[in-house]
Amino acid sequence: MTNKLLAAIAFALASVAPEAIAGECEDNFSKSGSIFSGADFSSRITVPDQSVKDAMAQMRGIMIGEKMDVITEDVETGAMLVEQRSTGATRAIPTLINISQEGGAAVVQMTVKTEKGQLAKQDAMRPYMCEILAKLKGGKEGRAAATQGAKTQNNADVTVKDVYAFSREIAREAKGNAVAVTARHKGRHYALRGRVDYVQEDGEDYNVSFEIPQPGTGLLQVPGDNEPRVGVACLFKPNQLANVLTFRKGDRVVFKGQFLRYDDFKRVLWLQNCVQTR
């Protein structure tokens, strides 16, 4: 679960890995780096009678079940990136999965990457990672799990945020890696609170933009406030025209939609399929 990883990052767990998962994963567990540079915690196991494709599909289902988001996956290279979502108090925590074929078995390597300043201890990370890898199955049971895992979609819960705070979070993320912003957020559902800035046509849709104060002018201060502002816009479908026609500049609103994309050149992000909520 998500709280397991957060607990492992924050402090050492009191419990140890169950006897059933001791062995290959624990023997292969390693740590590199430090709290000052960021640390990598890694381990690997061999899953008998599994292809790379099936092992990856299993990992997809397992990691989404742990409340992670699959950011990208590629069967050809055997690489998958998943993330623990960032919150107001925590940064996104990436986990890299690499899968290779050895004979009829799949070798699955898992690496949790922490940023500098994040505290994580080996005694906490080892059981967390080994519990996850122990869920992989071989043979017929593994192929059945892979079929289900391939169908699993990222958690579609709705994250409620103040639009200014959300804008500043995106600004901070874009500073680190602008390409990763859309990959990280695409398809996620957000309900954003703020004020209407302007309304205009955008192809067949209607573009309703939020008012975003300049950094430092608002009461709410969050990490990233020293970065250039990021605009936030909601795209409404034609069937929402009746509502759109009632929006006025300065109205306090809550718009819910799915993250569509971020444009670093324009410094704007868009939500699509938006609706007004009360």
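Start at Lys67, in the loop between helix 3 and strand 3. Helices (H or I, at least four residues) and strands (E, at least two) are DSSP runs, numbered from the N terminus. Lys67 has a positive phi of about 70 degrees, although it is not a glycine. With a relative accessible area of 40%, Lys67 is partly exposed. Buried means under 20% relative accessible area, exposed over 50%, and partly exposed in between (1.4 Å probe, protein chains only).

A word on the model before moving on. This is a predicted model, in which local features need pLDDT of at least 70 and side-chain atom pairs count only at pLDDT 80 or more, while totals for chains, interfaces and linings use all residues. Residues are numbered from 1 along each chain as its sequence is written, and side-chain values use heavy atoms, with hydrogens and water left out.

**Another positive phi**

Select Asp49. It sits in the loop between strand 2 and helix 3. Its phi is positive, about 50 degrees, and Asp49 is not a glycine either. Relative accessibility is 44%, so Asp49 counts as partly exposed.

**The six-stranded sheet**

Now show the open sheet of six strands. Its order is 1-2-6-5-4-3, with antiparallel pairing. Two strands pair if DSSP finds at least two bridges between them. Strand 1 and strand 3 (69-74) are the edge strands, each pairing on one side only. On average, neighbouring strands of this sheet are turned by 15 degrees against each other, direction ignored. Axes are lines fitted to C-alpha atoms, for helices over the stretch in contact, and angles run from 0 to 180 degrees between N-to-C directions.

Go to the strand 3 edge. Strand 3 and strand 4 run antiparallel, joined by five bridges. Pick Glu73: its bridge partner in strand 4 is Met80. Then select Gly78, in the hairpin of these two strands, which has four residues between the strands. Gly78 takes a positive phi near 70 degrees.

Step across to the next pair. Strand 4 (residues 79-84) and strand 5 (residues 93-102) are antiparallel too, with six bridges between them. Val82 has Thr95 as its bridge partner in strand 5. Gln84 stands opposite Ile93 in strand 5.

**Helices on the sheet**

Which strands does helix 4 (residues 122-133) touch as it packs on the sheet? They are strand 1, strand 2 and strand 6. The direction of helix 4 makes about 145 degrees with that of strand 6. Contact means heavy atoms within 4.5 Å.

Add helix 3 (residues 52-65). It lies across strand 3, strand 4, strand 5 and strand 6 (105-113). Helix 3 runs at about 155 degrees to strand 5.

**Salt bridges**

Side chains of opposite charge can pair when their charged atoms come close. A search of the whole structure finds 13 salt bridges. Each is a side-chain nitrogen of Lys or Arg within 4 Å of a carboxyl oxygen of Asp or Glu.

Stay on helix 4 and select Arg126 with Asp123. They form a salt bridge, the closest N and O atoms being 3.5 Å apart. Both lie in helix 4, three residues apart, about one turn of the helix. Arg126 is partly exposed at 22% relative accessible area, whereas Asp123 is exposed at 53%.

Next, Lys161 and Glu169. Their side chains meet in a salt bridge (3.2 Å, N to O). Are these two residues buried or exposed? Both Lys161 and Glu169 are buried.

Now pick Asp205 and Lys237. Their closest N and O atoms are 3.9 Å apart in this salt bridge. The pair links distant parts of the chain, 32 residues apart. Asp205 is in strand 9 (residues 205-210). Lys237 is in the loop between strand 10 (231-236) and helix 7 (241-244). Asp205 is buried, with 15% relative accessible area; Lys237 is partly exposed, at 37%.

Then select Glu83, Glu173 and Arg184 together. Salt bridges that share partners join these three residues into one network.

**Last stop: a nonpolar patch**

Select Ile35, Phe36 and Leu119 and switch on the surface. They form a nonpolar patch with about 330 Å² of accessible area together. Patches are made of residues with over 30% relative accessible area and no salt bridge; like charges are joined within 9 Å, nonpolar side chains (Val, Leu, Ile, Met, Phe, Trp, Tyr) within 5 Å. Accessible areas come from the Shrake-Rupley method with a 1.4 Å probe; for residues, only the protein chains shown count as cover. Ile35 is in the loop between strand 1 (30-34) and strand 2 (38-47). With a relative accessible area of 34%, Ile35 is partly exposed.
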